[in-house]
Structure formats: C-alpha cells, structure tokens
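Please read the following report alongside the sequence and the model. It moves from the overall fold to the interior and then to the surface.

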Amino acid sequence: GTVKIWTPPKFKHKTLFTITNDLISCVSMSGIYGIFVCGTNDGYLKIYSYKQRKFINSVKTNFIIDKILITESFGFILCYTPSNEINIFTINGFFIKEVKINFEVYIWSTFKEINGIDYICCADPFGNIYIFESYYPDK
C-alpha cells in the first residue's frame, strides 16, 4: 500500500510513502504529533512523520492489527487485534505492554481529560460502551 498526501486548495501532490508490498489493514493519524501510523496485513506497525516527510519506525508484530489509535496527551499508539488484545507502543514505536480484554472492540475513540490523562471510549458490537485510561485497558 502507499500513502499520498495532497495539500489544498489546488490539491498538489506533496508526499508519497510506500508502506508495504502487502495491504494496509488500518491507519490512524495525529495532527498533534504530525504522524500517521499504519498496520499491515503482514503484521507490521509502520510509523511516519508527515510533517518532516520521513519514516520513523517499523515494528514486526506477532499479530494482525485490526484498529489503531494515537492518544492526544502521551502519544501512545494503541493497536487492537482480532484476539481481543490491546498492544501499547510509544509514539516512536517501542513496545510498552500487551493487555487482554474481555470484549470485542467494534469502534473506538480517544479523548484527553482536563488533567491531561488519555482515555479510550469504545463500543462492542452489542452496543455496550467501555471507557478506560489508555495505559490501563484492563482496569
């Protein structure tokens, strides 16, 4: 897969990143940190700076990444897998921890509380809502 960045108003082509020879399974972008992160079907987490137009890191994981979030305050990269695990990485792609959760994440979003702590709000396919601190998905 490839990523192209276009700038308005004339939508001139600015940057092109070749991500992988395989398919991109998910992507997330952070305007705060100026990065985008892709998960690939061959099990890689790839991090790029679109502001600096450079590659940051590639991490070979032992799982397929289904969903990615980048938190606002601490810049954690959260990766959700189809086996109901959340893997947490730093903004540079260094692994922090893996947490097993007891529900399927259908959709999720992140927000920052006034005290600066990052939270995740997500829903399962049955309409149940879960809110937890981004660093502690199991609590």
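The report below covers the fold, the cores, one buried lysine and one surface patch.

This is a predicted model, in which local features need pLDDT of at least 70 and side-chain atom pairs count only at pLDDT 80 or more, while totals for chains, interfaces and linings use all residues. Residues are numbered from 1 along each chain as its sequence is written, and side-chain values use heavy atoms, with hydrogens and water left out.

The protein chain has zero helices and 13 strands, where helices (H or I, at least four residues) and strands (E, at least two) are DSSP runs numbered from the N terminus. Of its 139 residues, 45% count as buried, a term that means under 20% relative accessible area, with exposed meaning over 50% and partly exposed in between (1.4 Å probe, protein chains only). The chain exposes about 7,800 Å², of which carbon and sulfur atoms supply 54%; accessible areas come from the Shrake-Rupley method with a 1.4 Å probe, and for residues only the protein chains shown count as cover. Among contacts (heavy atoms within 4.5 Å) between residues at least 6 apart in sequence, 32% join residues at least 24 apart.

A nonpolar core is a set of buried Ala, Val, Leu, Ile, Met, Phe, Trp, Tyr and Cys residues joined through side-chain atoms within 4.5 Å. The largest such core has 14 residues, and Leu-78, Ile-86, Ile-101, Val-105 and Trp-108 touch the most other members. At least two residues of this core come from each of the strands tabulated here.

| Strand | Residues |
|---|---|
| E8 | 77-81 |
| E9 | 85-89 |
| E12 | 118-123 |

Apart from this core lies another, of 13 residues, including Val-37, Val-59, Phe-63 and Ile-77.

Leaving aside neighbours within four places in sequence, Ile-86 is in contact with residues including Leu-78, Lys-97, Ile-101 and Trp-108. Lys-97 is found in strand E10 (residues 95-100), and Lys-97 counts as buried because its relative accessible area is 19%. The C-alpha atoms of Lys-97 and Ile-86, 11 residues apart along the chain, are separated by 8.4 Å. A polar atom of the Lys-97 side chain lies 2.7 Å from the backbone oxygen of Tyr-135.

On the surface, Phe-111, Ile-129 and Ile-131 form a nonpolar patch with about 290 Å² of accessible area together. Patches are made of residues with over 30% relative accessible area and no salt bridge (a side-chain nitrogen of Lys or Arg within 4 Å of a carboxyl oxygen of Asp or Glu), with like charges joined within 9 Å and nonpolar side chains (Val, Leu, Ile, Met, Phe, Trp, Tyr) within 5 Å. Ile-129 lies in strand E13 (residues 129-133), and Ile-129 counts as exposed because its relative accessibility is 56%.

Technical notes. A polar contact is a pair of N or O atoms within 3.5 Å; within protein, one must be able to donate a hydrogen and the other to accept it, and residues adjacent in sequence count only if both atoms are side-chain atoms.
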